[in-house]
Amino acid sequence: MYKKQLIWQKILCFAALAACGIVFLYALGLSTDLFDGLFYTLPEEAKLATSKVNVPGAEVYYDIQPFNRQLLNNTIVLLLAGCFLFMTNTHSRRKYYISNTISTFAFAGGGIAVSLWGHEQISAYKQQFLQIDFEAYQKYATRRRKEYIDSTFWFDAHYLVFALLVLVCLALVANYFWKLYLMRAEKKLIEAGKGGL
């Protein structure tokens, strides 16, 4: 039983790093479509308050940038928390110590918090994106021979990306309790063996 648990433990630690990598790549691509499709419709950000916006609602491109930067920063912190799992040997320890508990719950808590925060923010920005005057946007894009993108793919992809991260976090916590159960069972067997001597 311990052997199976040790294999899962290692797989989950690598899965934690992989999930962070996927969220990082998602954060890099999140505003790519917005840049390709909307940037040319907007004046410089510094002139936004005083200049005419060619496509009403296109300001979502500038509005999402602070969130996108914060998501990247949070993902980097999560990657470091994932590395902490390996620094504390959570991937290979037969018995868990306080450092393993801290690293497991720090990663799981951080991953779930980033997922909930990210979901809330991205859902709001998707609603803002859908307020764009798409008719004016298409006319403007055709006139300028520029790209017209009305896809919400990057907004919708967050469901899969964050679900994967939450799943890994919950699996790490489940693995932690499985490990505790096995450690207690082993301790009882050892005590029973000593008592029989």
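Student: Why is Glu135 counted as exposed?

Tutor: In this predicted model, Glu135 has a relative accessibility of 57%, and since exposed means over 50%, Glu135 counts as exposed.

Student: What makes Glu135 and Lys139 a salt bridge?

Tutor: The side chains of Lys139 and Glu135 meet at 3.6 Å, N to O, and because the rule asks for a side-chain nitrogen of Lys or Arg within 4 Å of a carboxyl oxygen of Asp or Glu, the pair is a salt bridge. Both residues lie in helix H5, residues 134-144, where they stand four residues apart, about one turn of the helix.

Student: Why is Lys139 called partly exposed?

Tutor: The relative accessible area of Lys139 is 49%, and partly exposed covers what lies between under 20% and over 50%, so Lys139 is placed in that class.

Student: How many salt bridges does the structure hold, and what makes Arg94 and Glu186 one of them?

Tutor: The structure holds three salt bridges. In one of them the side chains of Arg94 and Glu186 meet at 2.7 Å, N to O, which satisfies the requirement of being within 4 Å.

Student: Why can the pair of Arg94 and Glu186 be said to tie together parts of the chain?

Tutor: Arg94 lies in the loop between H3 and H4, whereas Glu186 lies in helix H7, residues 158-195, so the pair ties together parts that are 92 residues apart in sequence.

Student: How do you know whether Arg94 and Glu186 are buried, partly exposed or exposed?

Tutor: Each value has to be set against the cut-offs, under 20% for buried and over 50% for exposed. Arg94, at 40% relative accessibility, falls in between and counts as partly exposed, while Glu186, at 17%, is under the first cut-off and therefore counts as buried.

Student: What makes Lys126 and Asp156 a salt bridge, and where do the two residues lie?

Tutor: Their side chains meet at 2.6 Å, N to O, and a nitrogen-to-oxygen distance within 4 Å is what the term requires. The pair links distant parts of the chain, with Lys126 in helix H4 and Asp156 in helix H6, 30 residues apart. Asp156 has a relative accessibility of 30%, and so counts as partly exposed.

Student: Why are Phe84, Met87, Ile98 and Ile102 called a nonpolar patch?

Tutor: A patch of this kind is made of residues with over 30% relative accessible area and no salt bridge, with nonpolar side chains joined within 5 Å. Phe84, Met87, Ile98 and Ile102 form such a patch on the surface, and together they have about 440 Å² of accessible area. The elements that give two or more residues to the patch are helix H3 (60-87) and helix H4 (98-129). Ile102, placed in helix H4, illustrates the reasoning, because its relative accessibility of 48% makes it partly exposed and is over the 30% that a patch residue needs.

Student: What makes the space lined by Leu30, Phe129 and Trp154, among others, a cavity?

Tutor: The term is used where a 1.4 Å probe fits but cannot get out, and by this rule the count comes to one cavity of 30 Å³ or more. About 50 Å³ of space lies in the largest cavity, and its lining has seven nonpolar, two polar and one charged residues. Helix H2 (32-38) and helix H6 (153-156) each supply at least two residues of that lining, and the largest share, three residues, comes from H6.

Student: Why do Asn89 and Arg145 deserve a remark about phi?

Tutor: Most residues other than glycine have a negative phi. Asn89, found in the loop between H3 and H4, has a phi near 60 degrees, a positive value, and Arg145, in the loop between H5 and H6, has a positive phi near 55 degrees. Asn89, at 32% relative accessibility, counts as partly exposed, whereas Arg145, at 80%, counts as exposed.

Student: How do you know that Ala81 and Val53 are buried?

Tutor: Buried means under 20% relative accessible area. Ala81, in helix H3, has 17% and is therefore buried, and Val53, in the loop between H2 and H3, counts as buried at 18%.

Definitions and conventions: Residues numbered from 1 in each chain as written. Predicted model: local features only at pLDDT ≥ 70, side-chain atom pairs only at ≥ 80, totals over all residues. Heavy atoms only, no water. Patch = residues over 30% accessible without salt bridge, like charges linked within 9 Å, V, L, I, M, F, W, Y side chains within 5 Å. Areas by Shrake-Rupley, 256 points an atom, 1.4 Å probe, with all protein chains shown as cover. Buried < 20%, exposed > 50% of the residue type's maximum accessible area, 1.4 Å probe, protein only. 1 Å grid on protein atoms, 1.4 Å probe; cavity = no way out; pocket = protein on both sides within 12 Å on 5 of 7 lines; lining within 4 Å. Points joined across faces, edges and corners; volume = space filled by probe spheres on them. Nonpolar A, V, L, I, M, F, W, Y, C, P; charged D, E, K, R; others polar.
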